[in-house]
Amino acid sequence: MKPAGSAEFEDDLKLGLRNMWYPVCRSDFVKDRPAGLQRLGQDIVVWRDRRGAVHVHDDRCLHRGAKLSLGKAVNDTLRCGYHGWAYDTKGQCVTIPTSKTVEARLAPKLCLPTFASQDRAGLVWAYFTDDASAPIPGLVIPEELERPEWSGFICESMWAANWILIVENLADPMHGPFLHGQSLTLGKGALEDDMRVTRTSGGFLVEREGQRGVNFDWSEIYGRDAMWVRLDIPLPFGPRGILRILCFCTPIDENNSLVYFLRYRNLNGWKRMYWRFLYRTFWEKQHFKVIEQDRVMLESQRRAQSRLVEHLSNSDRGVSELRRFLREKKAGGRS
Ligand code: FES
Ligand SMILES: [Fe+2]
């Protein structure tokens, strides 16, 4: 097995883990026209049929290779904008504008690579496999995103950083009081602490030993058939209490990533309405300033170079555990 920190480890994982579900875009991004995206280094096209169901395919027409995202959705088919070849929701070619004999002979043989997809919690999810014949696991997402007692918002951003750096940052609570020390939410608590790491059934928990509920004091990394990070930050007002953040990271290519922070609270009645109002008018901007600090810092670390010259300490136990965890997953071991 290649050690984390080696160039080979970087190469193996630079475009993400396969055989996993990833959020690829917001649901409201996919309207009546097909949308072209790059995710995990692949060009994909996302579109909706007349019922509103979402479909995801390789963004390459099987005729001459034009991008299907430049075409249209027509009567529940995806029609290429170049010469009008059309594919159904399963990717099967159904129309070739030529003689009916040629169409009947050729079209049944052609099927677009197609991704299993789901439209849940305001996001479109796709399953990226390296074995098209293997069974597709169900998509498990954090329960907060679909339980009625929780209410939240999606924050989406694109960062010019490799996805591993982004997840490492989320497994590193000790950066809170330094990088975000001037923020309204993350300025409190001790600047020194020891870290503890505990394996869970789906991943691991990394936590500060000396404090809880003061700052970004713990995070839970989950990584079975989808990967996310769960963490809480305390809000000092509006209304006071914890803000739960569910974080997802989808590689675009080896140097760029799509990041989601889904910010949820367990509040009812007027408190829920008050928070939702304050979020839109106040908190969203504050939180954006905080994640901009992360973005700038991560974009300053050059991925492979930073890994090869670094010196980890006790406060990086979450980072070390994440690398161990990723290596195990890549090798097909426990997770
Ligand atoms: S390239 Fe798509 S129809 Fe010709
Ligand atoms: Fe941060």
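1. Start with a pair of helices in this predicted model. Helix α3 covers residues 163-170, and helix α7 covers residues 317-330. The two pack at an angle of about 130°. Their axes lie 9 Å apart. Angles over 145 degrees would count as roughly antiparallel, and 65 to 115 as roughly perpendicular. α3 and α7 are therefore oblique to each other. The crossing of α3 past α7 is right-handed.

2. Which residues in α3 meet α7? They are Trp-163, Ile-164, Val-167 and Glu-168. On the α7 side, the partners are Val-319, Leu-322, Arg-323 and Leu-326. Sorted by class, this contact has 6 nonpolar residues, 2 charged residues and no polar ones.

3. Next comes a sheet of 7 strands. The sheet is open, and its pairing is antiparallel. Read across it, the order is β12-β18-β17-β16-β15-β14-β13. Strands β12 (150-159) and β13 (195-199) stand at the edges. Each has a single partner strand, so one side of each has no neighbour in the sheet. From one strand to the next, the twist averages 20°.

4. Both helices lie across this sheet. α3 lies across β12, β15, β16, β17 (241-253) and β18 (256-266). Against β17, α3 runs at about 165°. α7 lies across β13, β14 (203-208), β15 and β16. Its angle to β13 is about 25°.

5. Look at two pairings inside the sheet. Strand β15 (residues 218-223) and strand β16 (residues 227-235) run antiparallel and are joined by 4 bridges. Follow Glu-220 across: its bridge partner in β16 is Arg-230. β12 and β18 also pair in the antiparallel sense, over 10 bridges. There, Trp-150 has Asn-266 in β18 as its bridge partner.

6. Is β12 largely enclosed or left open by the rest of the structure? Of its 10 residues, 8 are buried, so β12 is largely enclosed by the rest of the structure. Yet β12 stands at an edge of the sheet, with a single partner strand. Keep the two ideas apart when you look at the model.

7. There is also an open sheet of 4 strands. Its order is β5-β6-β7-β8, with antiparallel pairing. The edge strands are β5 (72-74) and β8 (93-95). Each pairs with a single strand, so one side of each is left without a neighbour in the sheet. Strands β6 (residues 77-79) and β7 (residues 86-87) pair over 2 bridges. Leu-78 has Tyr-87 in β7 as its bridge partner.

8. Now take one residue of β8: Cys-93. Buried means under 20% relative accessible area. Cys-93 has 3%, so it is buried. Leaving aside neighbours within four places in sequence, Cys-93 is in contact with Trp-85, Ala-86, Tyr-87, Ala-107 and Leu-110. Find Cys-111 as well: 18 residues separate it from Cys-93 in sequence, and the two are 5.7 Å apart, C-alpha to C-alpha.

9. Last, go to Asp-253 in strand β17. Is Asp-253 buried or partly exposed? Its relative accessible area is 23%, so Asp-253 is partly exposed. Not counting residues up to four places away in sequence, Asp-253 touches Lys-14, Leu-15, Gln-38 and Gly-41. Gly-71 lies 182 residues from Asp-253 along the chain, and their C-alpha atoms are separated by 24 Å.

Technical notes. Residues numbered from 1 in each chain as written. Chains lettered and ligands numbered in written order. Predicted model: local features only at pLDDT ≥ 70, side-chain atom pairs only at ≥ 80, totals over all residues. Heavy atoms only, no water. Axes fitted to C-alpha atoms, helices over the stretch in contact; angles between N-to-C directions. Parallel < 35°, antiparallel > 145°, perpendicular 65-115°, else oblique. Left-handed = near helix turned anticlockwise from the far one by under 90°. Contact = heavy atoms within 4.5 Å. Nonpolar A, V, L, I, M, F, W, Y, C, P; charged D, E, K, R; others polar. Pairing = 2+ DSSP bridges. Buried < 20%, exposed > 50% of the residue type's maximum accessible area, 1.4 Å probe, protein only.
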